[in-house]
Number of protein chains: 2
Amino acid sequence: MSENCKLSNNERLVLDVLGRETGPMSAYMILDKLRGSGFRAPLQVYRALEKLIGMGRVHRLESLNAFIACSHMSCEKIGVAAFVICERCEHVQEVCDDSVSLFLAGLAEKTNFKASKTSIELRGVCDACEKA
Amino acid sequence: MSENCKLSNNERLVLDVLGRETGPMSAYMILDKLRGSGFRAPLQVYRALEKLIGMGRVHRLESLNAFIACSHMSCEKIGVAAFVICERCEHVQEVCDDSVSLFLAGLAEKTNFKASKTSIELRGVCDACEKA
DNA sequence: ATAGATATGTTATAACATAACAATAAACGT
DNA sequence: ACGTTTATTGTTATGTTATAACATATCTAT
Ligand SMILES: [Zn+2]
Ligand SMILES: [Zn+2]
Ligand SMILES: [Zn+2]
Ligand SMILES: [Zn+2]
């Protein structure tokens, strides 16, 4: 938590871009948004993303190859979250309650597995889009 | 289920390659295995994979950009499976029990979401590797 | 036969991600 | 302040994953 506060310049820039956007962004979308701030190569984005993900301030959506700012300012239990992704409106809801961590703990126990990273993603249609 | 039996030539070839391998394979690994059978382009693999996934006979591992044959000969409830992936030995265990479908159903209900596709993946170290 | 549907082949290109190396800048003990 | 270490940034090139667009062939039903 002490380390979470100090972001490098590039990390700050990337996190700000993700924070302004409501939906997920690919690394290359982020790069394009930051060309005005001097970014020129994908690696600048990927390096910042790696750090931010390590801090729990950004999550990677595996099924989209995209990234999104943590909706909790920073996940305490890093990696224990589920993402509900609407394919119509691109809205992503992050769910981090006990049911998620209990399910994952149960699954790990049942398979005698030590999980270091987890990914739960649901793709479909959100309530708002379904009604519209 | 009636459609599941009739595979096209290319689908058969791709499924056989995946069936012979114990671990996950990328599309390009599959392509290389099938050059001897006349495959020349990635699209031949991707098209077959798309169909096989639709039939539930192959699963895509989002966190690996790789594919694996269904360990059940064909998942009845397509897409409702969890994958436990060892990063040391590459072994993948497919879990399809009620706890998985109940968890997903609960999550969907809680978020008023209609899920059409789901992905649950745990990355870490399996029991065998941990002991070794 | 022939029309429509399905499957396949081919080339090119888009989209996503990392390797390798060079240069700077910040942190730290002396 | 000083040199040493560590972290950060910049740059070029390349590797990896996936699809678009178009051409051809095969199958199926009438
Ligand atoms: Zn979070
Ligand atoms: Zn929606
Ligand atoms: Zn399966
Ligand atoms: Zn293992």
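Let me start with N9 of chain B, N9(B), where a backbone N or O atom lies 3.2 Å from a phosphate oxygen of DNA strand C, and please keep in mind throughout that this is a predicted model. A second phosphate contact comes from the other chain, since a polar side-chain atom of Y46(A) lies 2.9 Å from a phosphate oxygen of DNA strand C. The bases are reached as well, for R47(B) places a polar side-chain atom 2.4 Å from a base nitrogen of that strand, DNA strand C.

Which elements, then, give two or more residues to the surface near DNA strand C? They are α4 (42–55) of chain A, together with α2 (9–20) and α4 (42–55) of chain B, and it is α4(B) that gives the most, with four residues.

Taking the surroundings as a whole, 15 residues surround DNA strand C, and the closest are Y28(A), Y46(A), R60(A), Q44(B) and R47(B). On the side of the DNA, sugar and phosphate account for 45% of the atoms of strand C that come within 4 Å of the protein. On the side of the protein, the surface near DNA strand C has five nonpolar, six polar and four charged residues.

I would like to end by returning to Y46(A), which is found in helix α4 of chain A. Is this residue buried, partly exposed or exposed? Y46(A) counts as partly exposed, because its relative accessibility is 36%. Together with Y28(A) and L43(A), Y46(A) also forms a nonpolar patch on the surface, and the three have about 310 Å² of accessible area together.

Note on methods
Residues numbered from 1 in each chain as written. Chains lettered and ligands numbered in written order. Predicted model: local features only at pLDDT ≥ 70, side-chain atom pairs only at ≥ 80, totals over all residues. Heavy atoms only, no water. Near = heavy atom within 4 Å. Polar contact = N/O pair within 3.5 Å; in protein donor to acceptor, adjacent residues only side chain to side chain. Nonpolar A, V, L, I, M, F, W, Y, C, P; charged D, E, K, R; others polar. Patch = residues over 30% accessible without salt bridge, like charges linked within 9 Å, V, L, I, M, F, W, Y side chains within 5 Å. Areas by Shrake-Rupley, 256 points an atom, 1.4 Å probe, with all protein chains shown as cover. Salt bridge = Lys/Arg side-chain N within 4 Å of Asp/Glu carboxyl O. Buried < 20%, exposed > 50% of the residue type's maximum accessible area, 1.4 Å probe, protein only.
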